[in-house]
Every structure is written in C-alpha cells, then in structure tokens.
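Dear colleague,

Please find below the structure I promised to pass on, together with some notes on what turned up when I went through it. I have kept to helix packing and to charged side-chain pairs.

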Amino acid sequence: MADATDRDDRTLHILFLLYPAQGHINPMLQFSKRLQQRGLKISLVTTNFIARTSHSIPSSFPLLTISDGYDDGGFASAENAQIYLDSFRRFGSESLRQLLRRLSSSASPADCVVYDSFLSWALDVANEFEISTAVFFTQSCAVGDIYYHVYRGVIELPLPDRAIEIPGLPPLQPPEFPSFIYQLGTYPAYYDLLVNQYANVHKADWIFCNTFYELEREVLECLKSIWPAIRAVGPSIPSGFLDGRIEDDRDYGFSIFDPNGDVSLKWLDGRRKGSVVYVSFGSLGMVAAEQMVEMAGCLKSINWHYLWVVRTSEVAKLPKDFAAETAEKGLVVSWCQQLEVLTHDAIGCFVTHCGWNSTLEGVSLGVPMVAVPGWTDQTTNAKFITDVWKVGLKAPADGGGVVKREALLQCIQEVMAGERGGEIRRNAAVWKAWARKAFEAGGSFDGVVDEFLAKMVSRF
C-alpha cells in the first residue's frame, strides 16, 4: 500500500483551495482529513475574509489565504454575483500565484492543488508552476453530467417540453433539471460558472467527486469514458458516522456560521424512537415567505413532534407566535449539529431542501426523506431520492412553486407511518450499508487514495 511517508525526502504537500461557502468547504475538508491520515501534509487555502470571520477553523491544518477582492466584506459586500465571481477570478488568480511562488522557495513547496470546481482558474495558475492538479466536484455526478452536456451543446436549450435522455441518467422531465437549466436566464452568473467549469476539466490530473460508486454507478461509468481520471471519494462526511477510522471525527470542524449553542440533542433525548420530523432547508438559499407559512401550518397539524432549523435571517417569515403555540410538540432552532441529529433514534424522517450535502448525509445515515427542493441542483437530487434510490417522497408543488401544507402532511404521514414508508426505510438501510462499505479497510476509497499516492510519488 503506497504511503506518502515512504518517500526519502519530504512529505507530499497538498493545497486544498476552498470556495467560500459552507456547503463547499465541508466535503473538501473531510476529504483532506482522510489524506492527512495517510501521511500527507495538507494546507487549506481560503479567502482573507473567511479566514478572519469564521467561527471555527480546524487547528490540525495550516490555513493559507488568498484574496477575492473583497477582503473586508466577502461575497455579501459585492454588488452582485457576477461582479464577485469576476473579482475572485482576477484577485484570486494573482494571489494564488503569489502564494505558490512563496511556497516554491520554502522547505515545503506545493506538490498538488486540489481546487473546488467553481474555481477552474486555479488549474491554469497551478500549471504555470508545473504542479499537479485535482478538481473536486461538490455536486452529484448526475448534475455534473447534465452541466457537461449543456456545455457541449448536446442538450437543446430552452428545454423541450418532453422527457430528455442523457447518457448515464434516467429520462428526465424538464422540471427535474437543475433550475439554472430549466428556468433558463435565472442567475446568469451561476449558469456561466457551472457550465463553463467543464472548459478545462480534462486538463486536471485527477477529478474527484463527492459521491460513492454504488450510489451513482451508471453515471460514473459513463463519465469515465469521457474523463478516465474521474474517481468517487465520498460520501465526504465525518468518519465517526461511517467507519470510525479517524479518531474523534464527528464534526466537519470549519464553520462560517456561529454555532451558538445547540439544545436540539438534549430535546431529542426526551422523545421516543422515530417520533420526530426533522426539517431543514439548508444554510444558504432563501425560502419564500409563503413556503415558510405552509410548512408551519403542516407542522402545527401533524401528530408527531418536530425539530425545525430556521436560520436567523428567516425567522421573521414564521407566523406570529408559531414557536410558542407549538412548544409542546416541537422546537425551532437557528442551528443544530445536523449529523448528530440525523443519527438520533428519535428522528423518523428528514424534510429536506435536497442540497447535495444534506442528501448525501441523509442517504449515508439511512434516514427516510421528504423532498422539498428549491433551486439549483436540488430538483435533480430530489428525482434521485424518490425515483432512483427510493429513499423518500417528493412533496408536489403548486403552480407557483409552493408546496402546500396538505401535500406536505400527506408525504410526512406516508413516510412516517404509511405502507410506502416501510419500503423507504428498508431502502435507506441498504444505502447506509453501501456508504459505510466504501470506507472499510481495503474498500473503494482506499483504492482511490492508493492510486493517487502512487502517481504522486512517481513524479519525484
């Protein structure tokens, strides 16, 4: 088994270049922990603003910084997304170049840059220094397959009003595509970012994806025919919830948000097994006020307990006195330790926005889901949750895109206590077992890392 410590000179030094969003940081950080365990030196690279304002940064990794052009305010201080992304490319490229130049004359120069796929310009900078490169995709391979075929012009846009077939994927109806494709013209800066990230991906030495082989077997095999260097390295969640091979690893360890105390677990301890509906719509996207009202109405009428994560910025959208009026059956919090919550015996189902991190966590921990997707890749993830992996139900939205309380209630009841709920729980248990198997000694993850280390060492 290859290991970085077998080298006679120095330990391989890998830089992880992070996109400054919590959902992008988490999986890359977890992958870096796995590589560090195998004897590699890992340094995290983030923006000056994130380094200065984050509430929790892992002490086990050196933290290096570059500029996005908004050192004092980060993304929130930019006029719009396009201006921010253009600034990040310009300032980030130059400051990364300066960082690599400085490291090249140190005792520990960079041997490889693992960069978030959103930061495709990093590959060109690394190539200037003849440094190995690895792109890390934080979204599903299915979504990547869609964006790649849009980039190649294979998919007709605007989407035709019929099912569309893409190699490696089941037939998809237009609303099952990522929102940037289905609702063409919305958020053009992100459309350009996501589609054009494939312009130079074939130049990377490795392509890492936050998924596991069994979960996306067909699409991975399809993409391997296009990019032989693609490998599944997930699910990138803390080892303590999978294989336990990294000691005391039960948290990602890098938090942009303030974890201002979590009362959720103590509250859950007082609830019976499988009696709680857990609701979270993620750390980034805005939830429509009408959707918040409908969710509140549903939770008020269900016969189970509920735990609802409502970000501080969204609290004003709740009906007046909702939390107080439902205090006997539920709890509203602004933050929780989601992994610990999902593995608690009291949780019966997970009502989720279907972001890829939350989707992978739910699948890997065997939690039945109710899908309430919003934007970007969430609609495609919901399709796989319900129709491919069959670990949940999708709550149908009305013509305005809002899931009404009656539809939510029906889905929750079916998952918690209906006939289909039993099948969903059985399927969830199967995927949980596959997720753990990926990290067993000698499993698929070890194979990928062995290959990576062997090729890195052979360069010296």
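E221 is partly exposed, with a relative accessible area of 38%, and please bear in mind from the start that this residue, like everything else below, belongs to a predicted model. The side chain of E221 meets that of K224 in a salt bridge, with 4.0 Å from N to O. Both residues sit in helix α8 (residues 217-224), and because they are three residues apart there, about one helical turn separates them. K224 also counts as partly exposed, its relative accessibility being 31%.

This pair is one entry in a longer list, since the structure holds 19 salt bridges. Two others join residues that lie further along the chain from one another, as the separations given here show.

In one of them, R250 pairs with E340, and the closest N and O atoms are 3.0 Å apart. Here distant parts of the chain are linked, for R250 lies in the loop between β7 (230-232) and α9 (264-269), whereas E340 belongs to helix α12 (residues 338-342), 90 residues apart. R250 is partly exposed, at a relative accessible area of 36%.

In the other, E325 forms a salt bridge with K300, and the closest N and O atoms are 2.9 Å apart. E325 is in helix α11 (residues 322-325) and K300 in helix α10 (residues 289-301), so this pair ties together parts that are 25 residues apart in sequence. K300 counts as partly exposed, with a relative accessibility of 45%.

Salt bridges also occur as a network, in which R34, R38, D243, R245, D446 and D450 are linked.

Turning to helix packing, two packed helices are described by the angle between their axes and the distance between the axes. For helix α3 (residues 81-104) and helix α7 (residues 188-196), the axes come within 8 Å and cross at roughly 40 degrees. The two helices are therefore oblique to each other, given that angles under 35 degrees would count as roughly parallel and those from 65 to 115 as roughly perpendicular. The crossing of α3 and α7 is left-handed.

Which residues make the contact between α3 and α7? On the α3 side they are A81, Q82 and L85, which meet A189, Y190, D192 and L193 in α7. By character, the residues of this contact divide into five nonpolar, one polar and one charged.

With best wishes

Terms used
Residues are numbered from 1 along each chain as its sequence is written. This is a predicted model: local features need pLDDT of at least 70, side-chain atom pairs count only at pLDDT 80 or more; totals for chains, interfaces and linings use all residues. Side-chain values use heavy atoms; hydrogens and water are left out. Axes are lines fitted to C-alpha atoms, for helices over the stretch in contact, and angles run from 0 to 180 degrees between N-to-C directions. Helices (H or I, at least four residues) and strands (E, at least two) are DSSP runs, numbered from the N terminus. Angles under 35 degrees count as roughly parallel, over 145 as roughly antiparallel, 65 to 115 as roughly perpendicular and the rest as oblique. A crossing is left-handed if the near helix is turned anticlockwise from the far one by less than a right angle, and right-handed if clockwise. Contact means heavy atoms within 4.5 Å. Ala, Val, Leu, Ile, Met, Phe, Trp, Tyr, Cys and Pro count as nonpolar, Asp, Glu, Lys and Arg as charged, and the others, Gly among them, as polar. Buried means under 20% relative accessible area, exposed over 50%, partly exposed in between (1.4 Å probe, protein chains only).
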